[in-house]
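Reader: I'm new to reading protein models, and I'd like to zoom in on just one helix and what sits around it. Could you walk me through it slowly, as one connected story?

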Amino acid sequence: MPLRSSRWYSGQDRNSYIHRAWMRRGLPEAAFDGDRPHIAIANTASDLTPCNSHLDEVADSVKQGVWAAGGVPLNLPVVSLGETNVRPTAMLWRNLAAMATEEMLRANPIDGVVLLGGCDKTIPSLLMAAASVDLPALVVPGGPMLTGHFRGVPLGCGTDVWRLSEEVRAGTLSREAFLRSESSMIRSRGHCNTMGTASTMACMAEALGMTLPGTAGTPAPDSRLLERSHESGRLAVELVRRELRPSQVMTRGSFLNAIVTLAAIGGSTNAVVHLLAIAGRLGVELGLDDFDRTGRGVPLLVDLQPAGRHLMDDLFRAGGLTAVLKEVEDLLDPAAVTVSGRPLVEHLADAEIWDESVIRRRADPLLPEAGIAVLRGNLAPDGAVIKPAAASPELLSHRGRAVVFDSVEDLNARLDSPDLDVDETSVLVLRGCGPKGYPGMPELGNLPLPAKLLAKGVRDMVRISDARMSGTAYGTVVLHTAPEAAAGGPLARVRTGDPIVLDVAARRLYVDIPDAELAAREPVVNGHAAPPRGWERLYVDHVMQADKGADLDFLTGSSGDAVGRESH
């Protein structure tokens with residue numbers, strides 16, 4: 001079959017002349033002979049996305065691999081979202097990044113694409129785009145940073161920010177010591193070194209079959225990442241020649257493999273909304289109950305922050321993701337293939353665990369059951385999620401009195417007041433922080449604890465919100481409550497003093513008052529977003545709820561790679 005790019009470059013008319021002439025700029029004439037796949041390198045490198053700032057170097061290695069395989073590499077900078085910097089939240093623009101990347105892949109004369117991501121929203125947005133345009137594609141994850149140390153102790157970026165900042169508020173760590181740790185935390189290029197969202201989504205990409213097996217978790221400064229990047233460039237050319245597309249790789253079986261992987265590694269709850277969104281672009285049937293059903297009974301094997309002790313470079317030296325998957329191989333779909341063209345399980349034969357303190361044997365797990373739990377009840381009729389592996393076991397069955405905050409501003413104004421009527425048995429409730437309400441569903445779900453409780457030694461409480469939580473965070477935190485308060489969900493009708501019951505074993509979350517009384521209450525809408533224009537207006541009008549992946553309603557399903565009209 002003729003290459004897609006030949007629709008631009010073949011022929012002798014004015015349009016093909018224009019397409020070739022403006023692209024020559026050093027490319028050999030053979031680049032346009034119709035036999036060399038043109039491979040875009042969708043590159044999220046940006047100085048304002050510090051975790052991805054090294055991806056230009058990675059792109060150079062990909063280019064060399066593409067050339068070596070007989071293709072033509074083309075750098076394509078795409079929207080980059082830096083989790084630590086953009087306000088109000090990077091999640092507000094995940095769908096925009098996916099839509100823009102999809103349109104650029106479709107509009108340009110390319111035959112395949114290598115997707116370079118790292119920071120939290122970049123790999124999800126790239127996979128959403130690739131799913132929608134369905135050109136041959138694979139991911140090169142940018143990799144985690146190396147472990148930094150402070151006063152001889154390893155620092156988990158993100159996780160130790162939350163921990164140390166609470167110690168400052170509790171008065172057990174000086175602010176001067178806290179600030180000194182800042183220069184020690186980020187030791188090298190790369191994304192977070194905990195099992196946060198960035199590391200989780202790199203592992204999800206591999207479990208879905210969209211990376212060269214064995215790539216996820218390779219540290220960013222490790223020369224083997226550049227080796228894998230070169231191999232990925234070569235493979236991209238082969239994917240085009242074999243016409244292997246994302247829709248053939250990311251099947252329902254692949255998504256179920258990703259859910260098993262998510263539990264085994266103790267991955268971020270953010271993977272739930274991202275996997276749902278990617279599946280929605282492909283038309284793959286996937287719902288919240290699949291996470292609970294498939295993840296239930298899967299043991300936690302990776303002893304990594306925030307659910308454990310170690311960090312990502314420890315996981316890599318201990319055997320990496322393939323060693324983890326080898327332990328749960330019988331739970332994986334044997335038919336789900338990878339971009340190699342072979343099933344994922346075939347790549348696990350030689351995997352070994354080299355350090356059992358980091359990767360546990362299935363017979364000796366960190367936790368016997370680690371899947372994301374999906375909760376339902378009159379507080380979350382469409383579901384909410386909790387990560388039991390990061391929670392306090394004694395709080396997984398709890399009844400407490402609600403202390404309600406109507407917005408993050410309300411939280412910040414009242415949380416540390418000595419007059420706040422709260423104790424360690426209370427349930428902190430934050431609303432107005434879902435997809436529509438904030439807007440963008442920020443990572444605010446791991447609410448800080450009231451100062452007067454921190455001073456008493458309290459370090460965890462049940463917290464409930466319609467927000468998300470950083471993958472680096474921990475605690476007994478119920479998230480993604482759907483429908484959110486701003487969409488008319490029952491969270492808008494909860495009042496301070498209401499008895500709330502959390503029963504993770506029974507998968508229940510409810511306010512213990514009559515349903516009729518709850519329904520009759522006037523919803524509280526303070527602090528909900530009402531943007532007048534631009535992307536935020538479009539987003540609020542069309543974003544779906546968390547149980548649907550928080551994608552835009554008009555972006556579900558794919559449109560393929562066809563472009564019907566010429567530009568000249």
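**A helix and its surroundings**

Author: Let's start with what packs over helix α6: the cover on its buried residues includes β6 (153-155), α7 (175-180), α8 (182-185) and α18. Keep in mind that this is a predicted model.

Now the helix itself. α6 runs over residues 159-170, which makes 12 residues. From the first C-alpha to the last it reaches 17 Å, close to the 16 Å expected at 1.5 Å a residue. Which of its residues are buried? They are T159, D160, L164, E166, E167, V168 and A170. An α-helix has 3.6 residues a turn, so residues three or four places apart point the same way. After the helix comes G171, with a positive phi, near 85°.

Pick E166 from that buried set, and you can step straight across to a loop. E166 is one of the residues that L449 touches, and so is R169. Where does L449 sit? You'll find L449 in the loop between β10 (427-430) and α18 (451-454). Is L449 buried or exposed? L449 counts as buried because its relative accessibility is 1%, and the cut-off for buried is under 20%.

L449 has plenty of other partners beyond four places in sequence, including L415, D416, L428, L454, V458 and M461. Also on that list are R459, D460 and R463. Another way to place L449 is by its distance to E424: the two are 25 residues apart along the chain, and their C-alpha atoms are separated by 9.4 Å.

While you're in this part of the sequence, have a look at C433. This cysteine is buried too, because its relative accessible area is 1%. Are there any cysteine pairs to talk about? How many disulfides does the count come to? Zero. Take C192: its closest cysteine sulfur is in C157, 3.7 Å away, so the two are too far apart for a bond. The cut-off there is 2.5 Å.

Finally, zoom out to the nonpolar cores. The largest has 106 residues, and L127 and F255 have the most contacts inside it. Leaving out neighbours within four places in sequence, F255 is in contact with L208, M250, L275, I278, A279, L282, V284 and L286. Apart from that core lies another, of 27 residues, with L396, A402, V462 and L502 among them. As a general background idea, nonpolar side chains in soluble globular proteins tend to be buried together.

How values were computed: Residues are numbered from 1 along each chain as its sequence is written. This is a predicted model: local features need pLDDT of at least 70, side-chain atom pairs count only at pLDDT 80 or more; totals for chains, interfaces and linings use all residues. Side-chain values use heavy atoms; hydrogens and water are left out. A nonpolar core is a set of buried Ala, Val, Leu, Ile, Met, Phe, Trp, Tyr and Cys residues joined through side-chain atoms within 4.5 Å. Buried means under 20% relative accessible area, exposed over 50%, partly exposed in between (1.4 Å probe, protein chains only). Contact means heavy atoms within 4.5 Å. Helices (H or I, at least four residues) and strands (E, at least two) are DSSP runs, numbered from the N terminus. The expected span of a helix is 1.5 Å times one less than its number of residues.
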